Amino acid sequence: MTFDDLPAAGTDRSSTTRIVAINKAIVRTLTKRHIPAVGFVNEIGLEDGGAIEPERTAALTLWLTHGLEPGNHTYSHPSLHKVTREAYLET
C-alpha cells in the first residue's frame with residue numbers, strides 16, 4: 001500500500017497530537033496484518049509554525065522501526081492547479 005502526504009494531509013497538519021495518533025494507528029494496523037507499505041512524506045508536514053516538531057518526526061520513525069518504507073513526496077506538494085508548471089518543477 002502507499003500513503004501520500006505523511007505525516008498527515010490537509011487540515012490535520014495543525015495538530016501534532018492528532019498526527020501522532022493517526023500514524024500510530026496506521027502503523028499498528030499495517031504491522032498487525034503484515035501489510036507492506038510506503039509512506040510518501042511532505043517535509044512541510046513535519047513543521048509547526050515553521051520549526052521542525054520532534055513528535056512529528058518521531059511519528060515517521062515509527063514507520064521505519066516497523067519495517068515500513070519512507071518515500072519523498074516533495075517538501076510541500078504544491079497543487080498543479082494553483083502554481084505554474086515552472087514553479088511546480090522547482091519543488
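Colleague: Which residue in β2 is the bridge partner of Phe3?

Modeller: First, this is a predicted model: local features need pLDDT (the predictor's confidence in each residue, from 0 to 100) of at least 70, side-chain atom pairs count only at pLDDT 80 or more, and totals for chains, interfaces and linings use all residues. Numbering starts from 1 along each chain as its sequence is written, and side-chain values use heavy atoms, with hydrogens and water left out. Strand β1 (residues 2-6) pairs with β2 in the parallel sense over three bridges; strands (E, at least two residues) and helices (H or I, at least four) are DSSP runs numbered from the N terminus, and two strands pair if DSSP finds at least two bridges between them. In β2, the residue bridged to Phe3 is Gly39.

Colleague: And what is the order of the strands in the open sheet?

Modeller: We've just had β1 with β2; β2 also pairs with β5 (residues 69-72) in the parallel sense, over four bridges. β1 and β5 each have a single partner strand, so they stand at the edges with one side lacking a neighbour in the sheet. That gives three strands in parallel pairing, in the order β1-β2-β5.

Colleague: How many degrees does the twist average from one strand to the next?

Modeller: The sheet in question is the open one, β1-β2-β5. Axes are lines fitted to C-alpha atoms (for helices, over the stretch in contact), and angles run from 0 to 180 degrees between N-to-C directions. From one strand to the next, the twist averages 30 degrees.

Colleague: Which residue in β5 stands opposite Phe40?

Modeller: Phe40 belongs to the uncovered face of β2 (residues 38-41), along with Val38, while Gly39 and Val41 make up the covered face. Going across to β5, Val41 stands opposite Asn72. The residue opposite Phe40 is Gly71.

Colleague: Which element of the protein has the highest mean pLDDT?

Modeller: Overall, the protein averages 87, with 93% of its residues at 70 or more. At the low end of the elements is helix α3 (residues 85-90), with a mean of 78. At the high end, with 94, is β2.

Colleague: What is the angle between the planes in the aromatic pair?

Modeller: Rings of Phe, Tyr and Trp (its six-membered ring) pair if their centres lie within 6.5 Å, and planes under 30 degrees apart are stacked, over 60 edge-to-face, the rest tilted. The structure holds one such pair, an edge-to-face one between Phe3 and Trp63 at 5.5 Å centre to centre. Phe3 sits in β1 and Trp63 in helix α2 (residues 54-65), so the pair ties together parts 60 residues apart in sequence. The angle between the planes is 70 degrees.

Colleague: How many residues make up the largest nonpolar core?

Modeller: Phe3 and Trp63 are both buried, where buried means under 20% relative accessible area, exposed over 50% and partly exposed in between (1.4 Å probe, protein chains only). A nonpolar core is a set of buried Ala, Val, Leu, Ile, Met, Phe, Trp, Tyr and Cys residues joined through side-chain atoms within 4.5 Å. Among the members of the largest one are Phe3, Trp63, Val41 and Leu60, and the full count is 10 residues. 

Colleague: Which elements give two or more residues to this core?

Modeller: The core includes Phe3 and Leu6, as well as Val27 and Leu30. Phe3 lies in β1 and Trp63 in α2. The elements giving two or more are β1, α1 (16-32) and α2.

Colleague: What is the omega of the cis peptide bond between Leu6 and Pro7?

Modeller: Most residues other than glycine have a negative phi, and most peptide bonds are trans. Pro7 is in the loop between β1 and α1. For the cis bond joining it to Leu6, omega is about 10 degrees.

Colleague: What is the phi of Asp5 near?

Modeller: Asp5 is in strand β1, and it counts as buried at 17% relative accessibility. Another non-glycine residue with a positive phi is His34, near 55 degrees, which lies in the loop between α1 and β2 and is exposed at 71%. For Asp5, the positive phi is near 70 degrees.
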